[in-house]
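Student: Could you take one part of this model and look at it closely, and then follow its connections outward through the fold? I would like a single connected account that also says where caution is due.

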Amino acid sequence: MASNPDDPQKSINLLRGWPSTGLLPTAALNAASQRLLSNPALSNPALLYGPDPGFEPLRGALAAWLAEFYATAPDVERIAVSGGASQSVACILQSFTDPAYTRAVWMVSPCYFLACPIFADAGLGGAGKLRSVPEDEEGIDLEFLEAGLRKSAEEDAAARGDKAENEKCFKDPGPDRKLYRHVIYCVPSFSNPSGKTMSRRRREGLLGLARRYDALVICDDVYDMLQWQPTTAASSSSSSSSSEAPDLRQALLPRLTDLERHLGPSAHDPPGKFFGHAVSNGSFSKLAGPGLRTGWTESSPDFAYGVSQTGSTRSGGAPSQFAAGVVYELLVSGSLAKHIRDALRPAYRRRHGLVADALKRELGPLYEEDAAAALAGNVVRSLAGRDDVFGGYFVWFRLPGHLKADDVAQRCMAEENLAIGTGGLFAVQGDTEGPHFEHEVRLCFAWEDEADLEDGVLRLGRVLRRMLNGEPMRQGAAAGGGEGGKGADELK
């Protein structure tokens with residue numbers, strides 16, 4: 001039922017990228033914790049300092065679990081346990097980059113913007129080092145990226161001239177690590193914020209460029225297992241490119257690190273080493289709860305060992321040692337797989353359908369005919385050439401009538417007590433020449449209750465109609481709404 005605009009309204013937050021508390025596996029975590037603590041063979045090592053690569057039982061269980069989902073051979077030496085995806089990125093940068101040697105960080109744009117400060121803290125945020133790379137419906141724009149990498153290589157060659165000596169670096173990687181010339185950051189599947197999925201040919205092309213120009217591709221593969229067939233009207237009315245329903249128990253596309261497994265060392269690997277040029281950055285935050293602060297990287301064995309030798313990791317061993325023990329129990333009991341299959345995928349499928357259909361119903365009439373059709377396409381992305389698979393947490397779309405997202409967000413907060421994600425938040429920080437997405441919006445369907453998801457889109461539609469009709473801000477509405485008071489924790 002539509003809410004009365006004259007009544008006080010509860011706050012609805014379509015900005016916050018958190019899992020709903022109703023989708024946290026509390027009972028399964030309770031049982032897993034009790035099993036762990038009742039078994040001294042597991043609880044004692046879980047409560048002590050751990051080995052650098054991580055809690056050994058979890059590494060083994062992870063290797064088997066990931067091999068099943070990605071249809072690869074299990075290899076525990078490829079796994080290093082981390083304190084979550086963000087902490088993984090920080091450790092990777094500490095070990096494998098140097099601000100005097102690493103030329104640039106190339107970020108698929110719009111980007112997960114909270115990654116930008118992590119790169120800045122590693123000395124890679126100044127002097128134009130953070131650079132945007134656009135994406136289209138297949139993902140990253142390889143022509144744009146290659147032109148930038150080639151220009152950088154030409155500038156390096158011109159600066160060196162005939163000199164062959166090594167450049168001076170701040171860091172000595174030692175025998176267990178190496179320094180990369182470039183970093184490429186992306187979310188290949190169900191990207192935050194755009195929801196797009198990089199096609200296989202773009203993944204293969206991206207890996208080829210990384211191996212040619214000595215770049216490390218950091219792939220945030222945190223949404224891969226959250227995939228489903230949409231329930232939206234757009235998906236049911238469009239023709240599928242396949243007559244068979246996809247098997248969502250497995251990934252429909254390989255990760256970049258899987259594509260590189262059998263390629264062997266590149267010309268940029270030190271003798272006798274195979275570090276590779278892609279690392280899969282995983283996390284249990286979207287699967288079992290962000291408070292667990294537990295994740296992993298999967299890469300070549302040499303890279304995995306190298307990242308485990310990061311100084312902050314070696315001081316005490318891998319982080320999240322006890323939480324890693326709990327997650328191990330979730331995995332080996334089958335509780336996590338059951339939670340993903342029976343709770344998360346159906347819930348997110350239903351939630352995405354509610355938001356997508358509400359957007360088409362409430363906002364569709366505000367667009368021209370072609371743009372309204374594009375709006376429907378914006379909330380049902382293709383995966384592996386299909387138009388019937390979606391995933392992740394977000395929908396991303398362009399506002400009608402050239403409205404600016406910051407203005408819309410301010411009025412949504414002031415007039416409707418509604419928080420939305422504005423496109424400018426997801427621009428690459430410091431790249432003044434890159435796009436700033438001032439007309440785009442991101443909505444998260446993971447946090448709020450299902451009824452509030454529909455009501456939130458209804459409120460957004462009211463604001464847009466008022467703005468398109470030229471109505472001033474409603475009498476008595478606070479002028480200080482918008483995103484100014486929102487902390488970074490709202491935006492993940």
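**The loop at proline 193 and the sheet around it**

Tutor: Proline 193 has its place in the loop between β6 and α7, and the model in which we see it is a predicted one. The peptide bond that leads from asparagine 192 into this proline is cis, with omega near 15 degrees. That deserves a second look, because most peptide bonds are trans.

The two elements that flank this loop are linked by packing as well. Helix α7, residues 200-213, packs on the sheet and touches β6 (182-186), and it also touches β4 (130-136), β5, β7 (215-220) and β9 (278-283). The direction of α7 makes about 145 degrees with that of β7.

The sheet in question is open and has eight strands, in the order β2-β10-β9-β7-β6-β3-β4-β5, with mixed pairing. Its edge strands are β2 (79-82) and β5 (139-140), each of which pairs on one side only.

Starting from the β2 edge, this strand runs antiparallel to β10 (residues 295-298), and four bridges join the two. Within that pairing, isoleucine 79 stands opposite glutamate 298 of β10. The loop between β9 and β10 holds arginine 293, whose phi is near 50 degrees, a positive value in a residue other than glycine. This backbone value merits a check of its own, because most residues other than glycine have a negative phi.

Towards the other edge, strand β3 (residues 104-109) runs parallel to β4, to which five bridges join it; here methionine 107 stands opposite serine 132 of β4. From β4 a hairpin leads to β5 through two residues, and these two strands pair in the antiparallel sense over two bridges. Aspartate 136 and glycine 139, the latter in β5, stand opposite each other.

The end of β3 brings us to another cis bond, for the peptide bond from serine 109 to proline 110 is cis, with omega near 10 degrees. Proline 110 is found in the loop between β3 and α5, and α5 in turn leads to a pocket. Helices α4 (85-96) and α5 (115-124) each supply at least two residues to the lining of the second largest pocket, and α4, with three residues, gives the most.

That pocket has a volume of about 480 Å³. Its lining is made up of 26 residues, and those closest to the centre are Ser86, Tyr112, Ser285, Lys286 and Lys492. By class, the lining divides into 14 nonpolar, seven polar and five charged residues.

A separate open sheet of three strands has the order β12-β15-β14, with antiparallel pairing. Its edge strands, which pair on one side only, are β12 (394-398) and β14 (421-422). Five bridges join β12 to β15 (residues 440-444), and the two run antiparallel; in β15, glutamate 440 is the bridge partner of arginine 398.

As for caution, the protein chain averages a pLDDT of 90, and 88% of the residues score at least 70. Two stretches call for reserve. Over residues 236-242 the pLDDT stays under 50, although the model has nine contacts for this stretch beyond four places in sequence. Over residues 479-485 the pLDDT is likewise below 50, and this stretch has 11 contacts in the model beyond near neighbours in sequence.

To return to the starting point, the cis bond into proline 193 lies in the loop between β6 and α7, and α7 is a helix that packs on the eight-stranded sheet.

Terms used. Residues are numbered from 1 along each chain as its sequence is written. This is a predicted model: local features need pLDDT of at least 70, side-chain atom pairs count only at pLDDT 80 or more; totals for chains, interfaces and linings use all residues. Side-chain values use heavy atoms; hydrogens and water are left out. On a 1 Å grid over the protein atoms alone, a cavity is a set of points where a 1.4 Å probe fits but cannot get out, and a pocket is an open set with protein on both sides within 12 Å along at least five of seven lines; lining residues have an atom within 4 Å of a point. Grid points are joined across faces, edges and corners, and a volume is the space filled by probe spheres set on the points. Ala, Val, Leu, Ile, Met, Phe, Trp, Tyr, Cys and Pro count as nonpolar, Asp, Glu, Lys and Arg as charged, and the others, Gly among them, as polar. Two strands pair if DSSP finds at least two bridges between them. Contact means heavy atoms within 4.5 Å. Axes are lines fitted to C-alpha atoms, for helices over the stretch in contact, and angles run from 0 to 180 degrees between N-to-C directions. pLDDT is the predictor's confidence in each residue, from 0 to 100.
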